[in-house]
Amino acid sequence: MTEDLSAIHRPITNLFPRSTAEDGLRRFRLSGDQIQFYLKNGYLAGIPMLDDRQVDFLLDELSRLQDPAHPGRSLFYEFHTNESPSSERVLFHALGAWRIEPGFHDLLWNPAFTVAASQLLDGSIRFWHDQLFCKPAGQGSVVAWHQDYSYWTRTQPMAHLSCFIALDDSYAENGCLRYVPGSHNWDLLPITGLAGDMRAIESVLTKQQLEMFKPIPIELKRGQASFHHPLMVHGSFENNSERDRRAAVINAFRDGVRSASDAPLLESVPPIAAGQKIEGQFFPLLSGPVAL
């Protein structure tokens, strides 16, 4: 049985810088213009997050994590895989890698993430959950248009963000992420599903929203990241290219968010009673506030 790394709330490798001094973290700070762009559009893209060494380290871990026989398999919150009989490449989506492999564990404390996230959330940040996405060459499936908070209403208030980190070059042909700029100002939409129908969301949009529905591709080089608001409408099309599209996602919230459900917030995680602050083993504090 693999050790559950969720019990360790600090970095355990030297994969990422560890400086906590203000001068050591200054190079990771977002500019005022970047923050204003995020507030206006609901996303921010092209942020340097990983160097080649760090990407290679995480890809080695990812190749192990995709194996259903991995000894840490039971620690995933979710594990979805669909291997084609004609290929070794695997469609893969999983939550919980931070509990299993040291690189994905330490990714949460990467200052390139924590500094920017603290600025965008305007406060101390806690970890919500991570995700791994693999769209193999020529096999990737769609992720239909949705808002993340539609699936997170078991937390309140809405003070979250997501960071999508490209582990391969991510571009239109291999199914990159796409955002609808300004949609973070919309109300919470009814859930129309994540698989299959990219047009399902049109049935719940107003005429004005349909006119604004102009998704743009978020093309990233490997190691770059994008941040998006929990109400940002986003999705991705199939991977029709000859290149894989692998990515990691960190979801975080501002310290102080509370549970809105007496049921478990994540699969196999002990529940936190409604009204209680979300904290503890599975929701570590990642960073204090960063001055704007």
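Trainee: Which element gives the largest share of the lining of the largest pocket?
Mentor: Good place to start, and keep in mind that this is a predicted model. The largest pocket holds about 910 Å³ of space. Of the 37 residues that line this pocket, the closest to its centre include His-93 and Val-143. Elements giving two or more residues to the lining include E2, strand E3 (90-95) and E12. The largest share, 5 residues, comes from E4.

Trainee: Val-143 caught my eye. Which residue does Val-143 stand opposite in E11?
Mentor: Let's go through the sheet. Its 4 strands are ordered E5-E11-E8-E9, with antiparallel pairing, and the edge strands are E5 (143-146) and E9 (216-217). E5 is joined to E11 by 2 bridges. In E11, the residue opposite Val-143 is Ser-236.

Trainee: Is Ser-241 buried or exposed?
Mentor: First find Ser-241 in the loop between strand E11 (234-236) and strand E12 (245-254). Leaving aside neighbours within four places in sequence, Ser-241 is in contact with Ala-137, Gly-138, Tyr-171, Glu-173 and Asn-174. Its relative accessible area is 12%, and the cut-off for buried is under 20%. Therefore Ser-241 counts as buried.

Trainee: How many Å lie between the backbone oxygen of Arg-243 and a polar atom of the side chain of Ser-241?
Mentor: Look at the side chain of Ser-241 and find its polar atom, then look for the backbone oxygen of Arg-243. The distance between these two atoms is 3.0 Å.

Trainee: And Pro-71, is that residue buried or exposed?
Mentor: Pro-71 sits in the loop between helix H3 (52-65) and strand E2 (78-83). Pro-71 and Asn-41 are 30 residues apart in sequence and 42 Å apart in space, C-alpha to C-alpha. The relative accessible area of Pro-71 is 53%, and the cut-off for exposed is over 50%. So Pro-71 is exposed.

Trainee: Which helix gives the most to the largest nonpolar core?
Mentor: That core has 65 residues, and Met-49, Phe-104 and Phe-113 are among those with the most contacts inside it. Not counting residues up to four places away in sequence, Phe-104 touches several residues, including Leu-58, Trp-98, Leu-132 and Ala-248. The helix that gives the most to this core, with 7 residues, is H5 (residues 111-121).

Conventions. Residues are numbered from 1 along each chain as its sequence is written. This is a predicted model: local features need pLDDT of at least 70, side-chain atom pairs count only at pLDDT 80 or more; totals for chains, interfaces and linings use all residues. Side-chain values use heavy atoms; hydrogens and water are left out. A nonpolar core is a set of buried Ala, Val, Leu, Ile, Met, Phe, Trp, Tyr and Cys residues joined through side-chain atoms within 4.5 Å. Buried means under 20% relative accessible area, exposed over 50%, partly exposed in between (1.4 Å probe, protein chains only). Contact means heavy atoms within 4.5 Å. A polar contact is a pair of N or O atoms within 3.5 Å; within protein, one must be able to donate a hydrogen and the other to accept it, and residues adjacent in sequence count only if both atoms are side-chain atoms. Two strands pair if DSSP finds at least two bridges between them. On a 1 Å grid over the protein atoms alone, a cavity is a set of points where a 1.4 Å probe fits but cannot get out, and a pocket is an open set with protein on both sides within 12 Å along at least five of seven lines; lining residues have an atom within 4 Å of a point. Grid points are joined across faces, edges and corners, and a volume is the space filled by probe spheres set on the points.
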